Every structure is written in C-alpha cells, then in structure tokens.
Amino acid sequence: MKWLVLLGLVAFTECIVKIPVRRVKTMRKTLRGKNMLNNVLKEHAYRLSQISFRGSNLTIHPLRNIRDIFYVGNITIGTPPQEFQVIFDTGSSDLWVPSDYCNSSACSTHVRFRHRQSSTFRPTNKTFRIIYGSGRMKGVVAHDTVRIGDLVSIDQPFGLSVAEYGFRDRSFDGVLGLNYPNKSCSRAIPIFDKLKNEGAISEPVFAFYLSKDEQEGSVVMFGGVDHRYYKGELNWIPLIQAGDWTLHVDRITMKREVIACSNGCTALVDTGASHIQGPGRLVDNIQKLIGAKRCGFKVKVYTHKKDLGINYPVPARAYILKDSLGYCHTAFKEKRVTTSTESWVLGDVFLRLYFSVFDRGNDRIGLAPAV
C-alpha cells in the first residue's frame with residue numbers, strides 16, 4: 001500500500017480528450033484601472049477555435065492568458081453553443097455558470113448563460129448552495145447540452161447561479177467539478193460520471209498537467225493518459241476511502257525536521273486551489289521557518305510504497321512568490337474550514353511539480369514528476 005508523505009499506471013491510448021489549460025496572466029486589473037478593459041474585450045473577443053487531427057481522437061482548445069493564479073478551460077453549453085471559461089476542479093462535484101437571473105456584481109463581470117437562446121434548455125425547480133474557500137454561490141439546477149472538446153453530454157444537469165459572492169475579480173465564469181457524485185451539493189450527476197456511464201470515455205480516468213512560470217501547454221485529459229507529460233513511472237496512491245480525492249499523508253518535513261503530520265494526516269488533491277493549505281497553527285510555524293527575506297527551505301511530502309517512503313519535494317522556487325517590489329510571499333495558506341483531524345489541501349503549487357492522474361475505476365491517484 002502507498003501512502004503520501006508531503007510534503008503503477010497503464011497508459012490508456014483510446015479516446016483521449018485533452019483540454020489545454022493555461023495559467024492566466026494579470027492584465028484585467030491593470031486595464032480596468034485605466035478604463036480600457038471593456039474596449040479591449042470588445043476588440044479582442046475570444047472565440048473558441050477547434051483543432052482536430054486526422055486519425056486521432058485528440059481535441060485541443062487554446063485558452064486565453066488572463067491571470068497568474070488560475071488554470072481555466074473552455075466549455076460550451078446550449079444549442080447553439082454558448083462558451084464559458086471554467087475551472088476544472090477536483091475539490092468539488094458541481095458544474096455551474098452564471099445565469100441571466102443573477103444580479104450580483106460578480107455576475108456582471110462574467111459571461112452569463114442566456115437560457116432563452118438555447119433550444120435544448122430544460123429548467124427544474126431544484127435549488128442548491130455551494131461554499132468555496134474563496135466565495136459562495138446559490139443557484140438552480142437546469143439541463144442542457146454541454147461540450148468539453150469532442151465530449152458531448154446531452155441533457156446534462158448543471159447549475160445556474162442566481163447569486164454569487166467573492167468571485168467579482170476572478171477570471172473564470174464558473175466551475176466544472178470533477179470530484180465524486182457524493183460531493184455534489186446540487187445532487188445532480190456530475191458530467192464526468194454521466195459521460196462515463198454513457199460510454200463516451202474509454203476509461204474512467206482523467207489527468208492534469210499544469211505548466212510552470214506562465215508557460216503554454218497545460219492540459220486536462222479525459223479517458224486516458226499521455227506519458228509524454230511526465231518523467232519516470234507513475235506512483236499509485238490509494239484514496240483514504242472511495243468518494244473523495246483525499247490521500248493519507250505520512251509526514252511533512254522541512255530541513256529534515258517533521259513540521260506537520262507527525263502522526264499522519266490527510267490531504268485533498270485539489271486542482272481548484274492555488275495554494276498548499278493547512279491548519280493555521282502549523283502554517284504559521286512554516287511561515288516562521290521560511291522567513292520572508294530568506295525565501296528558502298525545501299518542503300517534502302512522503303508516501304509509502306510497502307515499507308519504502310516516496311518523497312515528493314516541493315522546492316522553495318515553487319512556493320516562494322515575489323511581488324513587483326521584490327518582497328517575498330509564500331504559497332502556504334491557512335484553511336478556512338477546520339476539521340477534528342489534521343488535514344491539508346495540495347493545490348496548484350504542488351500539482352505544477354507533479355503530473356496527476358485521477359483513477360475513478362480503482363479509487364486512486366497517480367503522481368509522477370512533470371516534464
């Protein structure tokens with residue numbers, strides 16, 4: 001059995017669908033401050049261009065670089081298709097986008113779904129709410145055709161937000177949850193499960209490659225794994241229990257000293273989180289050890305394969321961020337939601353270093369150094 005200490009895979013080749021996801025670069029705030037944003041968006045409106053290759057089931061969608069924090073991909077909803085930028089989030093299970101009925105200030109800055117313009121739209125009376133670490137929303141469940149590249153889900157249940165809080169300055173329109181069905185706040189079947197049940201994907205697997213330093217080429221893959229995105233072999237780590245992308249962490253060390261998880265703990269592998277998050281007391285200790293000016297020290301995460309620990313180092317360059325004035329900040333953050341046991345969130349800071357495979361068929365996660 002393998003355990004994660006902080007901080008094998010079959011290569012499926014059939015029907016792999018890749019949606020490129022690009023780190024987004026900070027531009028929106030600068031332009032908004034100069035009252036230029038609306039003009040730029042009107043003059044350079046993004047249109048989804050689809051690239052297909054003969055004899056291949058691969059579909060790639062280019063993405064805009066909007067900020068330095070989120071990895072966003074494009075989907076369409078409705079007939080004719082309406083396009084949205086969403087976060088592909090392993091920390092949640094619901095798909096939602098803003099609706100025509102949403103009057104929140106956050107909705108006014110994002111693309112809203114025009115349900116009257118879709119001939120395949122079907123409403124329901126079901127309502128739901130979701131609370132995220134950085135915001136919250138409430139919405140209603142509806143049905144329509146959703147497309148992720150060449151993957152098409154007809155009559156897919158999804159959420160339409162009627163109120164949003166905390167998302168005004170975010171560069172994404174909505175969220176596409178990739179966690180298990182039991183985590184769905186709307187109680188609707190997640191799009192991955194519907195596609196899997198209908199045989200639209202060859203294997204119940206998806207994977208992420210997240211680029212570093214604003215480089216191009218980030219992707220989320222559905223139905224298999226492309227080995228060119230990682231080095232060596234994938235190490236498979238079983239989930240603590242089926243129904244959540246949470247692993248057992250053996251310990252977190254820094255400078256060979258155990259700084260967290262001394263008695264073992266849990267960690268959610270979350271593509272929707274930018275930071276590495278943990279209990280406030282332990283995060284404070286890490287911040288003191290790092291020091292704002294020294295910008296150093298390497299964090300290590302371990303897993304166990306039988307009796308051997310598997311080390312997942314997180315070098316300082318991955319979690320030390322410098323602002324425009326040269327001051328250092330860390331990518332460690334206190335979790336807002338506390339639990340009775342010690343738990344962590346391994347977000348994009350960790351996942352930029354390690355190619356990640358989420359295997360629903362075997363309830364496990366595969367990790368390998370990203371290229």
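**Exercise 1. Locate the residues that the UniProt annotation "active site" covers, and describe their surroundings.**

Step 1. The UniProt annotation "active site", from an unreviewed entry, covers Asp 89 and Asp 270. UniProt positions are given in the numbering used here, feature names are shortened, and annotations may be inferred rather than shown by experiment. The model is predicted, and residues are numbered from 1 along each chain as its sequence is written. Local features need pLDDT of at least 70 and side-chain atom pairs count only at pLDDT 80 or more, while totals for chains, interfaces and linings use all residues; side-chain values use heavy atoms, with hydrogens and water left out.

Step 2. The two positions are spread over 182 residues of sequence, yet they cluster in space, with a largest C-alpha distance of 6.7 Å.

Step 3. Asp 89 belongs to strand E7 (residues 82-89), whereas Asp 270 is in the loop between strand E19 (265-269) and strand E20 (276-278). Helices (H or I, at least four residues) and strands (E, at least two) are DSSP runs, numbered from the N terminus.

Step 4. Asp 89 has 6% relative accessibility and therefore counts as buried; Asp 270, with a relative accessible area of 11%, is buried. Buried means under 20% relative accessible area, exposed over 50%, and partly exposed in between (1.4 Å probe, protein chains only).

Step 5. Contact means heavy atoms within 4.5 Å. Not counting residues up to four places away in sequence, Asp 89 touches Asp 270 itself, and its partners also include Tyr 132, Val 175 and Gly 177. With the same exclusion, the partners of Asp 270 include Asp 89, Thr 90, Gly 91 and Asp 348.

**Exercise 2. Place Val 86 in strand E7 and list its contacts.**

Step 1. Val 86 is in strand E7, and with 0% relative accessibility it counts as buried.

Step 2. Leaving aside neighbours within four places in sequence, Val 86 is in contact with Tyr 71, Val 72, Gly 73, Ile 75, Val 97, Gly 174, Val 175 and Leu 176.

Step 3. Between Val 86 and Phe 70 the separation is 16 residues in sequence and 9.7 Å in space, C-alpha to C-alpha.

**Exercise 3. Classify the aromatic pair of Phe 70 and Phe 172, then that of Trp 96 and Phe 167.**

Step 1. Rings of Phe, Tyr and Trp (its six-membered ring) pair if their centres lie within 6.5 Å; planes under 30 degrees apart count as stacked, over 60 as edge-to-face and the rest as tilted. The structure holds 24 aromatic pairs.

Step 2. The ring centres of Phe 70 and Phe 172 are 5.2 Å apart and the planes are at 80°, so this pair is edge-to-face. Phe 70 is in the loop between strand E5 (59-60) and strand E6 (71-77), and Phe 172 in the loop between strand E11 (151-165) and strand E12 (174-177), 102 residues apart. Both Phe 70 and Phe 172 are buried.

Step 3. Trp 96 and Phe 167 form a tilted pair, at 5.9 Å centre to centre and 40° between the planes. This pair links strand E8, which holds Trp 96, to the loop between E11 and E12, which holds Phe 167, 71 residues apart. Both Trp 96 and Phe 167 are buried.

**Exercise 4. Find the ring cluster around Tyr 180 and the charges over rings.**

Step 1. Ring pairs join Phe 88, Tyr 180, Phe 192, Phe 206, Phe 208, Phe 222, Trp 245 and Phe 358 into a cluster.

Step 2. A charge sits over a ring if NZ of Lys or CZ of Arg is within 6 Å of the ring centre and within 35 degrees of the ring normal. Arg 360 lies over the face of Tyr 180, at 4.3 Å from the ring centre. The charged end of Arg 136 sits over the ring of Tyr 165, 4.2 Å from its centre.

Step 3. Ser 356, in strand E27 (residues 354-359), is buried, with a relative accessible area of 0%. Its contacts, not counting residues up to four places away in sequence, include Phe 206 and Phe 208.

**Exercise 5. Assign the faces of helix H5.**

Step 1. In H5 (residues 280-290), Gly 280, Leu 282, Val 283, Ile 286 and Ile 290 are buried. They cover an arc of only 165° around the axis, which puts them on the same side of H5; the arc is that of the directions from the helix axis to the C-beta atoms.

Step 2. The face turned away from the buried side carries the exposed residues Arg 281 and Lys 288.

Step 3. Gly 291 follows H5 and has a positive phi, near 80°.

**Exercise 6. State the confidence of the model.**

Step 1. pLDDT is the predictor's confidence in each residue, from 0 to 100. The protein chain averages 81, and 78% of the residues score at least 70.

Step 2. Among the elements, strand E4 (residues 51-52) has the lowest mean pLDDT (30) and strand E8 (residues 95-98) the highest (98).
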